[in-house]
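Work through the exercises below with the sequence and the 3D view open. Try each task before reading its solution.

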Amino acid sequence: MANRLGLTLQQKNPILASVCIHHHTSPSSTSISCAFDSHPQKLPKTLKKKYKDRTSSGYRTPRRVVLGIGAAFWAQFMSMAGNTGFKSFAASARQKSAIEQVLKNVEWPEQFPFKEEDFQRFDESPDTSFYESPRFVTHIDNPAIAALTKYYSEVFPPSTTPGIAILDMCSSWVSHFPAGYKQDRIVGMGMNEEELKRNPVLTEYVVQDLNVNPKLPFEDNSFDVITNVVSVDYLTKPMDVFKEMSRILKPGGLAVMSFSNRCFWTKAISIWTSTGDADHAMIVGSYFHYAGGFEPPQAVDISPNPGRSDPMYIVYSRKLATA
Ligand SMILES: C[S@@+](CC[C@H](N)C(=O)[O-])C[C@H]1O[C@@H](n2cnc3c(N)ncnc32)[C@H](O)[C@@H]1O
């Protein structure tokens, strides 16, 4: 039986309950679990003030930062195969395989179901300011990085294969590729030049704000693999970016979007910060589906130590061989 994505993906009755808190909980938890990367537990004073100022002045309506909305999201908008309601899905969502089931046999609505406001962020200031200073940090813990690197070693073309080109979108000073991995062309795209300059795996880099200019500065059919690590949630024009990804991938080329439950929540899109892990897989899957030119997307849960380290999920697809 097919999974059905509801036509409306707006939460009803949003309530501001809390800022995002990082949980080392079940990898498939449907509760909100993104974190303020550098300081997961607290909202900085400046932001508290900013939020208060904005809301009390009526300058901006409270955005949908809600705890537990992931579960509500599914209850309201998803009709899962074999489930009679939210409770049964929530229970199954606690199992590792639930994330992997989310993209199986989806009945997608005809039209892209998200609205413009789903791509708003708490901090709408230019991304160039936010990423102005380099951050030589890692955004997920070591077991999660190791799981991702292992996954890459299983799906990447062998190191130093002639003619292979890889694009690491939303890149920084690390790409988490297997140790010693090389190709003729490994391009990093990101926001901070100092970070990209230090990334040892890259053969070239491009600094570009994809939320201002989503056009990828590359020829059609020129990349074998595109990666994006813990950053798909910052894209405010994902349809444009995914269409571009489809254009620049070679037929059969692989796009691997990975994410955890951590993020710079002020910069992540509203639909991400108000939903949970399983929803995130569906959201990324929808980008592939509606961009066109891709095979049906699939989700993989590569979380290394469920409940004890950062979860790690992959949503991937290949460009259609005929596209
Ligand atoms: C959480 S970091 C992840 C970096 C790297 N992928 C990693 O795994 O360490 C988010 C990255 O997304 C990129 N990013 C955020 N907003 C972006 C935008 N508007 N355009 C292009 N890249 C962006 C930044 O360059 C930043 O390095």
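The exercises that follow use a predicted model.

**Exercise 1. The sheet**

Task: Find the order of the strands in the open sheet and say which strands stand at its edges.

Solution:
- Step 1. Trace the open sheet, which holds 7 strands. Their order is β6-β5-β4-β7-β8-β10-β9, with mixed pairing.
- Step 2. Look at the two ends. β6 (204-207) and β9 (298-301) each have a single partner strand, so one side of each is left without a neighbour in the sheet.
- Step 3. Check the twist. On average, neighbouring strands are turned by 20° against each other, direction ignored.

**Exercise 2. Two ends, two pairings**

Task: State whether β9 and β10 pair in the parallel or antiparallel sense, then do the same for β5 and β6.

Solution:
- Step 1. Start with β9 and β10 (residues 313-318). They are antiparallel and share 4 bridges. Gln298 has Tyr316 of β10 as its bridge partner.
- Step 2. Move to β4 (residues 165-169) and β5. These strands run parallel, joined by 4 bridges. Asp168 is bridged to Gly188 in β5.
- Step 3. Go on to β6. It runs parallel to β5, again with 4 bridges. Here Gly188 has Tyr205 of β6 as its partner.
- Step 4. Follow the connection. From β5 the chain passes through helix α7 (residues 193-198) to reach β6, and this β-α-β crossover is right-handed.
- Step 5. Judge the cover on β5 (residues 185-190). Of its 6 residues, 5 are buried.

**Exercise 3. Helices on the sheet**

Task: Which strands does helix α8 touch, and which does helix α10 lie across?

Solution:
- Step 1. Take α10 (residues 277-291). It lies across β8, β9 and β10. Its direction is at about 15° to β10.
- Step 2. Recall the sheet order, in which β7 and β8 are listed next to each other. Helix α8 (residues 238-248) packs on the sheet and touches β7 (223-229) and β8 (249-259). The directions of α8 and β8 make about 140°.

**Exercise 4. The two sides of α6**

Task: Which residues of α6 are buried, and which exposed residues does the opposite face carry?

Solution:
- Step 1. Check the length. α6 (residues 142-155) has 14 residues and spans 20 Å between its first and last C-alpha, close to the 20 Å expected at 1.5 Å a residue.
- Step 2. Pick out the buried residues: Ala144, Ala147, Leu148 and Tyr152. They cover an arc of only 140° around the axis, so they are on the same side of α6.
- Step 3. Turn to the face directed away from that buried side. Asn142, Lys150 and Glu154 are exposed there.
- Step 4. Ask what covers the buried residues. The cover includes β7 and β8.

**Exercise 5. Two buried residues**

Task: Why do Met245 and Phe114 count as buried?

Solution:
- Step 1. Place Met245 in helix α8. Then apply the cut-off of 20 or more other C-beta atoms within 10 Å. Met245 has 27 C-beta neighbours inside 10 Å, so it counts as buried.
- Step 2. List contacts beyond four places in sequence. Met245 touches Ile226 and Ala255. Leu167 is 78 residues away in sequence, with 9.7 Å between the C-alpha atoms of Leu167 and Met245.
- Step 3. Place Phe114 in the loop between β3 (106-107) and α5 (127-130). Phe114 counts as buried because it has 20 C-beta neighbours inside 10 Å.
- Step 4. Compare sequence with space. Phe114 and Ile283 are 169 residues apart along the chain, yet 9.2 Å separates their C-alpha atoms.

Definitions and conventions
Residues are numbered from 1 along each chain as its sequence is written. This is a predicted model: local features need pLDDT of at least 70, side-chain atom pairs count only at pLDDT 80 or more; totals for chains, interfaces and linings use all residues. Two strands pair if DSSP finds at least two bridges between them. Axes are lines fitted to C-alpha atoms, for helices over the stretch in contact, and angles run from 0 to 180 degrees between N-to-C directions. Two residues are in contact if their C-beta atoms, placed from the backbone, lie within 7 Å. The expected span of a helix is 1.5 Å times one less than its number of residues. A residue is buried if 20 or more other C-beta atoms lie within 10 Å of its own, exposed if 12 or fewer, and partly exposed in between; C-beta atoms are placed from the backbone. The arc is that of the directions from the helix axis to the C-beta atoms. A crossover is right-handed if, with the strands pointing away from the viewer, the path from the first strand over the helix to the second runs clockwise.
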